[in-house]
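Work through the exercises below with the sequence and the model in view. Each task is followed by a solution in steps.

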Amino acid sequence: KLMWPDYSGPIEVKDTCTDRGRGTFATETLHPGQVILVEKALAAIFTRELHEMKKLGFRLTLSNLDNDDSLRAAMNKEITWRLVEVCRSSAKTNAAVESLYAGCKLTGWRTAASASRILEMDEPLCDAAGEGGSGSGVIDVNHIEAMQARYNFGLPTVHNVKECKASGQPLTYGSGVWYRAGFINHSCQPNCNQFIIGDMMAVSVVEEIGTGEEVTVAYAPAMEDFTLRTKWLSYFSFTCCCSLCQLEKKAERRVEILSKRYGKITEKLASQQGTRKKEAVRKLRALEEELVAIKPAAAALLWRVRSRLSAAQHDMGDHRRGVQAAEASLDAFRCTETGLLFPTPGVLLGLKLLAEQHRMLNNLDRAAECDRMALDEARKMFGNAGAVVDYFLEE
């Protein structure tokens, strides 16, 4: 039976001495590809479970699952219920849940020291079967409901992507609360990546982290526009002040105007042919030049412009320019000394598609190089989880 935690590497929870509250820090130098945490969720739910529960008549609150908003609301209610159940089974679990931030000022036992004491308790944090718990006393349901809204990770499940594609069904995604992972703070330029299989989360290093440095992950992808990313982060009740966000905030109004121009150009690209389509491509190139001038503040939009430009050139039969634009789209994220802002499945897919395009043009050496780059980035993202790396890189 899997207990929590399954593995925790050379990391510790400490107070950040800032308004970021508690954070996770390296106790020794961490290297790219190193897995530093593998953790079973305190509670998790997947959309397929909600639909099955509705069929079986469970939970009257699941009457409407027709859109994403209703699905998320149902998942939040079900996770709250499941957290209550695990808190009933274990005093340690209840103490852990009570120690998590729920919107009030951190005081008393909601400190890094209290988190360490909880992890040192003898009994398992969470017994999946709800057996052998020592009883948990008073359970604060209001605290659990508010806490899970802030510690809730919503992630697609690796194992179901292939099945969904084959069956034509919507992607099954999950939502859950992980205790130790909840102490890893956000950065738009993180040094770690988290991924999930079933209700197990793993965190791997993507950039070398020195002893005493803070471990970070991305709660929202830097590939998204600043406005949308800020909206997503507001659900976690904080505002990101990283260097990338500060740059983007200064250029927010200009990027918004250029984004609207991009939308109009793409509409023309989709509906026009011949000379008019060439004119739309010319406007797209002019937009690209303006975005390069304010890079990295417009990296996300620049990536989309170059990706769309690549597709347009291929549609027009100019495959060489299409490949050049695809190469440039990846360079949009090489805006810092550390290279890519952070590896994502989207970057991996871009590298694999670029390899295929080079093979189409018989550029076999460059194709092999793109394959190697994809493998390197995948190993950073997924560490030693070889099956996951193979899955994302399979033909």
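**Exercise 1: Tyr 235**

Tyr 235 sits in the loop that links helix H7 (226-234) and helix H8 (243-250). The model is a predicted one.

Task: decide whether Tyr 235 counts as buried or exposed.

Solution. Step 1: take the relative accessibility of Tyr 235, which is 52%. Step 2: recall the cut-offs, under 20% for buried and over 50% for exposed. Step 3: Tyr 235 therefore counts as exposed, because its relative accessibility is 52%.

**Exercise 2: The nonpolar patch**

Task: find which residues form a nonpolar patch on the surface, and state their accessible area together.

Solution. Step 1: begin with Tyr 235, one of the patch residues. Step 2: add Leu 228 and Trp 232, which complete the patch. Step 3: together these residues have about 290 Å² of accessible area.

**Exercise 3: The positive patch**

Task: state which helix gives the most to the positive patch.

Solution. Step 1: list the members of the patch, namely Lys 260, Lys 264, Lys 268 and Lys 283. Step 2: place Lys 260, which is found in helix H9. Step 3: helix H9 spans residues 252-271 and gives the most, with three residues.

**Exercise 4: The chain as a whole**

Task: describe the protein chain by its helices and strands, its buried share and its exposed area.

Solution. Step 1: the protein chain has 15 helices and 13 strands. Step 2: of its 395 residues, 47% are buried. Step 3: the chain exposes about 19,500 Å², with 52% of that supplied by carbon and sulfur atoms.

Conventions
Residues are numbered from 1 along each chain as its sequence is written. This is a predicted model: local features need pLDDT of at least 70, side-chain atom pairs count only at pLDDT 80 or more; totals for chains, interfaces and linings use all residues. Side-chain values use heavy atoms; hydrogens and water are left out. Helices (H or I, at least four residues) and strands (E, at least two) are DSSP runs, numbered from the N terminus. Buried means under 20% relative accessible area, exposed over 50%, partly exposed in between (1.4 Å probe, protein chains only). Accessible areas come from the Shrake-Rupley method with a 1.4 Å probe; for residues, only the protein chains shown count as cover. Patches are made of residues with over 30% relative accessible area and no salt bridge: like charges are joined within 9 Å, nonpolar side chains (Val, Leu, Ile, Met, Phe, Trp, Tyr) within 5 Å. A salt bridge is a side-chain nitrogen of Lys or Arg within 4 Å of a carboxyl oxygen of Asp or Glu. Lys and Arg count as positive and Asp and Glu as negative; His and the chain ends are not counted. The place of a charge is taken as NZ of Lys, CZ of Arg, CG of Asp or CD of Glu.
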